[in-house]
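I opened a new page for this structure and wrote down what I looked up, in the order I looked.

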Amino acid sequence: MTNSFFKKNQFYQKKVGIFVPHNDDEMNIAGGLIPILLSQQADFKIIFLCNSDYSNRGETRLHESIKALETLGVHNVLEKISLLGYPEQHYDEKDHYYMNHDGTWVSHNGHCTTYNLKGTVSYDWSQSQEHRPLTQESLVKTLCDLCFKERFDYYVVIDFDSHCDHRAL
């Protein structure tokens, strides 16, 4: 598969980290890239910042993302994703955990730490059996730990966006 955006075989057997705020953003941000990564045998991981559970059940949105990725031809989807376990925020909220430095921030659904959705394990929990407080420092540490562990060759991230979860990432 060729296109005008990437060099031929640019991602051949490379490690690619796709960082997205919510379930469904993997399609908005990398839906056109994922088939290229598959065709070039890239080892990629999709990292979801939020549990996508502000106004919907997070498990439902995660299931929809899994089905969409399977439709694109991704096999073993659960091995290709990492869930950071942060709460989703309303798009216009002024108060956001990313701006919290004292560890006292509580989400709309009562969480003051990262958390697992039913049937899932967040990245921090998988590494240390601990959840982290909802602070900027925790998010930065989690991202640094994950990137150091994975050693991606390429990073796919969101550009400027007005949604507070997008800006946090």
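**Pocket**

I began with the largest pocket and found a volume of about 250 Å³. The model is a predicted one, and I kept that in mind for every entry. Next I asked which residues lie closest to the centre of the largest pocket. Of the 15 residues in its lining, these are Leu78, Ile81, Ser82, Leu83 and Val121. I then looked up the elements behind the lining: E3, helix H4 (123-128) and helix H5 (136-150) each give at least two residues. Sorted by class, the lining of the largest pocket holds six nonpolar, six polar and three charged residues.

**Strands**

I turned to the strands and started with E1. Is E1 largely enclosed or open? Five of its six residues are buried, so E1 is largely enclosed by the rest of the structure. I noted that E1 and E2 run parallel and are joined by six bridges. Two of the bridge pairs I wrote down are Lys15 with Asp43 in E2, and Phe19 with Ile47 in E2.

E1 also runs parallel to strand E4 (residues 154-156), with three bridges between them. Here I picked out Val16, whose bridge partner in E4 is Tyr154.

For E2 I checked burial and found seven of its eight residues buried, so I entered the strand as mostly covered, buried being under 20% relative accessible area. E2 pairs with E3 as well, in the parallel sense, over four bridges. Ile47 turned up again in this pairing, standing opposite Ser82 in E3. I had already listed Ser82 among the residues closest to the centre of the largest pocket.

I added one general remark to the page: in a regular strand the side chains alternate between the two faces of the sheet.

**Cores**

Which residues have the most contacts inside the largest nonpolar core? The core has 21 residues, and the ones I was after are Val16, Ile18, Ile34, Leu37, Phe44, Ile46 and Ile81. Strand E1 (15-20), helix H2 (34-39), strand E2 (43-50), H3 and strand E3 (81-86) are the elements that give two or more residues to this core. Apart from it I found another core, of 14 residues, including Leu49, Leu84, Tyr123 and Leu143.

I went back to Val16 and listed its contacts, leaving out residues up to four places away in sequence. Val16 touches Phe11, Leu37, Ala42, Asp43, Phe44, Lys45, Phe152, Tyr154 and Val156. Tyr154 is on this list and is also the bridge partner of Val16 in E4.

**Ser65**

Ser65 lies in helix H3 (residues 58-71). Is Ser65 buried or exposed? Its relative accessible area is 3%, so I entered Ser65 as buried. Beyond its neighbours within four places in sequence, Ser65 is in contact with Asn23, Asp24, Glu26 and Phe48.

**Positive phi**

Last, I looked at backbone angles. Most residues other than glycine have a negative phi. Gln13 is not a glycine, yet its phi is positive, at about 55°. Gln13 sits in the segment before E1.

Asn76 is another non-glycine residue with a positive phi, of about 50°. Where is Asn76 placed? I found Asn76 in the loop between H3 and E3. Asn76 has a relative accessibility of 53%, and the cut-off for exposed is over 50%, so I entered Asn76 as exposed.

Key. Residues numbered from 1 in each chain as written. Predicted model: local features only at pLDDT ≥ 70, side-chain atom pairs only at ≥ 80, totals over all residues. Heavy atoms only, no water. Buried < 20%, exposed > 50% of the residue type's maximum accessible area, 1.4 Å probe, protein only. Contact = heavy atoms within 4.5 Å. Core = buried A, V, L, I, M, F, W, Y, C linked by side-chain atoms within 4.5 Å. Pairing = 2+ DSSP bridges. 1 Å grid on protein atoms, 1.4 Å probe; cavity = no way out; pocket = protein on both sides within 12 Å on 5 of 7 lines; lining within 4 Å. Points joined across faces, edges and corners; volume = space filled by probe spheres on them. Nonpolar A, V, L, I, M, F, W, Y, C, P; charged D, E, K, R; others polar.
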